[in-house]
Amino acid sequence: MSKGTSVVDIDAHFIDHFDELWHYLDEDDPWRDRFRAGAEMDARKGNGQFFPKTVYNSDYEAIQRSGFESKEGILEDMDDLGIDKILLIGQQLVRLSNIEADDFRPIKYVRAYMRHLMQNIVDPDAGIYATLPIVQADPDWAVSMIEEYADDPGVVGAVMMSHAGEPPYGNHRYDPIYEACVKYDLPVLFHADFSSVDDFHYKGFGTNLETHSLGFIIANMCQLTSVVIQGVPERFPNLDIIFQEAGLFYIPMMMYRLDQEYLRNPDLAPLLDSLPSEYMKEFYFGTQPMEQVPDKKYFKYVIEMLGGPERLMWASDWPHPDYDEQSVITELPFLSSSEKEAILGGNAERVFSLN
């Protein structure tokens, strides 16, 4: 990297636990005792018993190999991995996205999580930043959280879990969230996730290899389709949109699939003034997980189709076992030094206004 260019990781998962979070609920909050009981169930092995559905979690012990549960551990890992600035996404957000009951669990969890994160973990001077979890089931409350944290220099984006959104995120019910993000200049990250074999939306798969392969991509494809076809980029032209944790090859496929459908039935997308692919070329995409390909020249074609290196941001997905190192970018022979620097840090510094 050139002097003055930072390495920025836009997707690292802070490992949050009930035994640290329940203290941050108000003493008179009736949910405090339930969270304290959740801490006893947690025992540092995941919080699944608290939630109505669990997700594939057999890699949890591998996650625990990292010290990504404390500020000190995060700084140590950043140093080991050569990362200057990092955007944290809470590990338990994947579980929150599976909550279907109309209750306060996501709200209470995010409230406690943000208080803990901002008091003990986030430190912009050290390069540690937060993304604000959005509880999509309650847009008004989500807006109140945006208003509470948007002026904090440690909060640089809002994250919405792709698996969670029903109706999908192009629906107008989410407009107050997008309006608030535009007002406070917060990019929106749509973060892919998935459920296990037993919870996968299409029944009958036999292994998590199958659902893990499909779930992330399907989650992002669904939300991307809704966001584009329902005209979110037209309604909110100043909103920075990032899709992440589903690799890269699905993106051009979706571009030209949506173009094909749009050209056949343009009246079904009345808000669009351009082809769907043209809007998608204005989005940003996290790189992880970079696909395993027989020849790296295939990445050249994909990156060209999705809009060029300026649309990409490196993401590690640390401390998950399938994390990507910086070498997935630095070893691409067709990229110039400046293009590699942009993907590894420059694009993220610009979009997230990282000083």
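Where is Asp185 found? Select Asp185 in this predicted model, and you will see that Asp185 sits in the loop between H8 and strand E5 (188–191). Its phi is near 55 degrees, which is a positive value in a residue other than glycine. Most residues other than glycine have a negative phi, and most peptide bonds are trans. The tour returns to such exceptions at its end, after a walk through the helices.

**The pair H6 and H7**

Select residues 105–120, which form helix H6, together with residues 139–149, which form helix H7. Two packed helices are described by the angle between their axes and the distance between the axes. For H6 and H7 the angle is about 10 degrees, and the axes lie 12 Å apart. Angles under 35 degrees count as roughly parallel, and H6 and H7 are therefore described as roughly parallel to each other. To see where they meet, show the side chains of Ile107, Val110, Arg111, Met114, Arg115 and Met118 on H6, and those of Trp141, Met145, Glu148 and Tyr149 on H7. Sorted by class, this contact of H6 with H7 has seven nonpolar residues, three charged residues and no polar ones.

**From H7 to H8**

Keep H7 selected and colour its buried residues, which are Pro139, Trp141, Ala142, Val143, Met145, Ile146 and Tyr149. Around them, display H6, strand E3 (128–133), strand E4 (155–161) and helix H8 (175–183), since these are the elements against which the buried residues of H7 pack.

Now turn to H8 itself. H7 and H8 pack at an angle of about 10 degrees, with their axes 8 Å apart, and these two helices are therefore also roughly parallel to each other. On the H7 side the meeting residues are Pro139, Ala142, Val143 and Ile146, while on the H8 side they are Pro176, Ile177, Ala180 and Cys181. By class, the contact of H7 with H8 has eight nonpolar residues, with no polar and no charged ones.

While H8 is on display, pick out Val182, which belongs to this helix. With a relative accessibility of 29%, Val182 counts as partly exposed. Beyond its neighbours within four places in sequence, Val182 is in contact with Phe236, Asn238 and Leu239. If you draw a distance between the C-alpha atoms of Val182 and Asp240, which are 58 residues apart along the chain, the viewer should give 8.2 Å.

**The largest nonpolar core**

Which residues touch the most other members of the largest nonpolar core? Select Leu88, Met114, Ile177, Tyr178 and Phe352, which hold that place among the 108 residues of the core. The largest share of this core, eight residues, comes from H6. Centre the view on Phe352 and show its partners from beyond four places in sequence, namely Ile10, Leu87, Val156, Pro187, Leu189, Ile242 and Met313.

**Two buried residues to visit**

Move to Met78, whose place is in helix H4 (residues 71–81). At 4% relative accessibility, Met78 counts as buried. Its contacts outside the four nearest places in sequence are Ile83, Asp84, Lys85, Ile86, Ala126, Gly127 and Ile128.

Next select Thr287, in the loop between strand E7 (284–286) and helix H13 (297–305). Is Thr287 buried or exposed? Its relative accessibility is 0%, so Thr287 counts as buried. The side chain of Thr287 reaches the backbone nitrogen of Ala315 at 3.3 Å. Leaving aside neighbours within four places in sequence, the residues in contact with Thr287 include Gly247, Leu248, Asp324, Ile329 and Ile343, and also Leu312, Met313, Trp314 and Ala315.

**Backbone exceptions**

Finish with the backbone. Glu245, in the loop between strand E6 (241–244) and helix H11 (250–264), has a positive phi of about 65 degrees although it is not a glycine. Glu245 is buried, with a relative accessible area of 5%.

Then look at two peptide bonds. Glu166 and Pro167 are joined by a cis peptide bond with omega at about 0 degrees, and Pro167 lies in the loop between E4 and H8. The peptide bond from Trp318 to Pro319 is cis as well, with omega near 5 degrees, and Pro319 has its place in the loop between strand E8 (312–313) and helix H14 (327–330).

Note on methods. Residues are numbered from 1 along each chain as its sequence is written. This is a predicted model: local features need pLDDT of at least 70, side-chain atom pairs count only at pLDDT 80 or more; totals for chains, interfaces and linings use all residues. Side-chain values use heavy atoms; hydrogens and water are left out. Helices (H or I, at least four residues) and strands (E, at least two) are DSSP runs, numbered from the N terminus. Buried means under 20% relative accessible area, exposed over 50%, partly exposed in between (1.4 Å probe, protein chains only). A polar contact is a pair of N or O atoms within 3.5 Å; within protein, one must be able to donate a hydrogen and the other to accept it, and residues adjacent in sequence count only if both atoms are side-chain atoms. Contact means heavy atoms within 4.5 Å. Axes are lines fitted to C-alpha atoms, for helices over the stretch in contact, and angles run from 0 to 180 degrees between N-to-C directions. Angles under 35 degrees count as roughly parallel, over 145 as roughly antiparallel, 65 to 115 as roughly perpendicular and the rest as oblique. Ala, Val, Leu, Ile, Met, Phe, Trp, Tyr, Cys and Pro count as nonpolar, Asp, Glu, Lys and Arg as charged, and the others, Gly among them, as polar. A nonpolar core is a set of buried Ala, Val, Leu, Ile, Met, Phe, Trp, Tyr and Cys residues joined through side-chain atoms within 4.5 Å.
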